[in-house]
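The following exercises are to be worked with the sequence and the coordinates at hand. Each consists of a task and a solution in steps.

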Amino acid sequence: MGVVILLLMAAGVAAMLTRRLPTAFALVLLAVAIAFAAGAPLTGKNSVLDTVLQEGAPALAATMIAILLGSWLGKLLEETGIAATLVRKIVEFGGDRPVFVALGVLAVSALVGTVTGSAPAAMLAGLIGIPAMIAVGIPKVTAAGTILMGIAVGIPFELPVWQFFSTALELPVDTVRGFMLKLFPFALVAAVAYVLVESRRRGVEHTWSLTSVRGESKPRSRRQLLGDAPWYALLTPVVPLVLALGFELAIIPSLLAGVLYALVTTTPPREMNRRLLRTLYGGFEVAAAPITLFVAIGILLAAVKLPGAVDALEPLVKAVSPQNAVLFVLVFTLLVPLCLYRGPLNVFGLGAGIAGVLIATGIYPATAVLGMATSYNQVFGVADPTSTQTVWSAQYAGVSPQQVMVRTLPYVWAVALGGLCVTAATQL
Amino acid sequence: MSGDHGLSLGHDPDLDHDHDLDLAVRLLAGTPTHEGRDPLLLRRWAEAAEEFGRRMTPDPAPVRVVERDGGLAAGLLARYRSRPPVVEVYVDTVDRAERLITQRGWRHWFPEGSVLAAALAHEQAHAWLHHAHVRAEFKRALGHTALRLGRRRLYAHVAGADELAAHAYARAACGLGRSPLLLTEALAAACSESEK
């Protein structure tokens, strides 16, 4: 029966890779198929309807709320001009040295990446950051990669991600936070190295572009005319981080504090209600795609944790999973490309199910699976040409996602290697 | 608007100058980081950048020139890359520009072969603007303050201004009657029309 489940997983990956089905739909269908293959009854205890669908769908509810709050805060950063002001100041201070601008935009992307992820994070930093970098001479591929590498620096501090791994892997938030702090230096060093090495290798480029002279500008909206956000409002992205990391406050109140801080520092009292509601509704739109995915992942996790699935998969997975620390690092580092193109190790896809199998069968401790999943997440978040942030950044810069993947993959592969080494040294 | 300018044989130099400056202001206004900036401030920066570009005297450093196709599809006329130093000239765009100049009756502003010469001069200016002492002078000329501590001022970078300086240098070096931005705008319009 284990072989049947693995074949079903392979079919699910094929459906996602060939884009026959959206990832979320493929995961739900896969979960139901796995549950039936594992011999689960239709209703009752450990069943398809009651356990997999009913209990699985809201299993990652805390993550969904965190994603929503992150998206809300992201909308506020956009509407109040906080993100734009940060980029503008960086260009003004360092614009004549392109590498300084790239490092500054990298820092802004990292800050934004701690608040929200995926395409919204890329847009917040990249809408002004990418053309600003290109305007000072940074080549397009380097500019797109800088945004993505910056967001990846923020990922270890992205509170919704902490919540996701905590709920999905059934680990305390403290444990997730502890490992993320160990992963952060690798992400930081790789990102800075990317900017410095790529700037040195590629130098600067300037174009005589036919699109440089735009049409007559449209009348500006009031928001656009408001100008720079005040300096103290620029601290907004740090507020949730300081509360969650420094004061060990829970994730949802930390994010809410960030929302309130952004509001109070940028908005006159008479406009607060309208802005709060407008940005919250905007946040729902941004969060719709990831929330859908988390519903599907919750369902898949519930399916692979069914006793029948665990019993069927345990001997197979045990046979191919390296127990030796060196082999663990070697094998899982070589498997890094499998998290690209919605592959089977993508933690926001089937990879979550595989992580669930590894924990449920007791092959690795949950903390080791955490190390593995978060290491892969650093790769997926930057180099996967099918992830929304990579597609958006590349296309906005005027290059292909594959070009960005080729340029960034060596750096994020090194980050994954670092994360896996730490995992093997501390968790196995 | 550009078409009207081209067709009027008895053109007014002041009007031409104003139109060139308008194009420069529009380039700055369309450059990220200038959203919501006062148009008068942009106009002042555009004038300063063009003045700086006109007076530039770049070293005639040897740069490899490569001719390429596909410029019209990519929306490019030329590209400068610093590592290794190379200027790529998109010959299809240059040919289209030359034909457009003839069609619009702009030959007195842009003599035969001047587009290629302007492209090379433009990219040469960009290379020159990357020298530290030139950058410092350019920022002082623009006069945009990033930070002021007592009598000390830290000048800010103005995104897009180097493009204006490069165009102004190309115009001066090649003896063009109008800003290369006029040609850029007309080319963009012609390309978008032919796509329709």
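A residue is termed buried if 20 or more other C-beta atoms lie within 10 Å of its own, exposed if 12 or fewer, and partly exposed in between. The model is a predicted one.

**Exercise 1. Helix H8 of chain B**

Task: Determine how many residues of H8(B) are buried, and compare the span of the helix with the span expected at 1.5 Å a residue.

Solution:
1. Apply the burial criterion to the helix: 13 of the 14 residues of H8(B) are buried, and the helix is thus mostly covered.
2. Helix H8 of chain B comprises residues 161-174, and its expected span is 20 Å. The expected span of a helix is 1.5 Å times one less than its number of residues.
3. The end C-alpha atoms of H8(B) are 20 Å apart, in agreement with the expected value.
4. After the helix comes Gly175(B), with a positive phi near 65 degrees.

**Exercise 2. Helix H7 of chain A**

Task: Carry out the same kind of analysis for H7(A), and locate the residue at which H7(A) bends.

Solution:
1. The 18 residues of H7(A) should span 26 Å at 1.5 Å a residue. The separation of its end C-alpha atoms is 25 Å, which agrees.
2. At Gly126(A), H7(A) bends by about 55 degrees.
3. Because 16 of its 18 residues are buried, H7(A) is largely enclosed by the rest of the structure.
4. Gly137(A) follows H7(A) and has a positive phi, near 110 degrees.

**Exercise 3. Overall form of the two chains**

Task: Describe the secondary structure, dimensions and burial of each chain, and test the radius of gyration of chain B against the globule rule.

Solution:
1. Chain B contains nine helices and five strands, arranged along the sequence as α-α-α-β-α-β-β-α-α-α-β-β-α-α.
2. For the 196 residues of chain B the globule rule gives 16 Å; the radius of gyration is 17 Å, close to that value, so chain B is as compact as a globular protein of that length.
3. Along the principal axes, the C-alpha atoms of chain B fill a box of roughly 55 × 40 × 30 Å. Of its 196 residues, 44% are buried.
4. Among contacts in chain B between residues at least 6 apart in sequence, those joining residues at least 24 apart make up 62%.
5. Chain A has 20 helices and one strand. A compact globule of 428 residues would have a radius of gyration near 22 Å, and the 22 Å of chain A agrees with this.
6. The C-alpha trace of chain A spans about 65 × 50 × 40 Å along its principal axes, and 57% of its 428 residues count as buried.
7. In chain A, 80% of the contacts with a separation of 6 or more are between residues 24 or more positions apart.

**Exercise 4. The interface between the chains**

Task: State how many residues of chain A and of chain B are in contact, and identify the element that gives the largest share of the side of chain A.

Solution:
1. On the side of chain A 30 residues take part, in contact with 38 residues of chain B.
2. Elements of chain A that give two or more residues to this side include helix H5 (82-94), helix H7 (118-135) and helix H10 (173-202).
3. E1(A) provides the largest share, five residues.
4. By class, the side of chain A that touches chain B holds twelve nonpolar, ten polar and eight charged residues.
5. E1(A) is joined by five bridges to strand E2 (residues 76-82) of chain B, and the two run antiparallel. Within this pairing, His206(A) is opposite Tyr80(B).

**Exercise 5. A hairpin and two individual residues of chain B**

Task: Characterise the pairing of E4(B) with E5(B), then decide whether Pro60(B) is buried or exposed.

Solution:
1. Strand E4 (residues 145-149) and strand E5 (residues 152-155) of chain B are antiparallel and joined by four bridges. Leu149(B) has Arg152(B) as its bridge partner.
2. Two residues lie between the strands of this hairpin, in which Gly150(B) has a positive phi near 65 degrees.
3. Pro60(B) is located in the loop between helix H3 (39-55) and strand E1 (64-68) of chain B. With 7 other C-beta atoms within 10 Å, Pro60(B) is exposed.
4. Arg43(B), in helix H3 of chain B, is partly exposed, with 16 other C-beta atoms within 10 Å. Beyond its neighbours within four places in sequence, Arg43(B) is in contact with Leu21(B) and Val25(B).

Definitions and conventions:
Residues are numbered from 1 along each chain as its sequence is written. Chains are lettered from A and ligands numbered from 1 in the order in which they are written. This is a predicted model: local features need pLDDT of at least 70, side-chain atom pairs count only at pLDDT 80 or more; totals for chains, interfaces and linings use all residues. Two residues are in contact if their C-beta atoms, placed from the backbone, lie within 7 Å. Ala, Val, Leu, Ile, Met, Phe, Trp, Tyr, Cys and Pro count as nonpolar, Asp, Glu, Lys and Arg as charged, and the others, Gly among them, as polar. Two strands pair if DSSP finds at least two bridges between them. The radius of gyration is taken over C-alpha atoms; the globule rule is 2.2 Å times the number of residues to the power 0.38. The bend at a residue is the angle between axes fitted to the seven residues ending there and the seven starting there.
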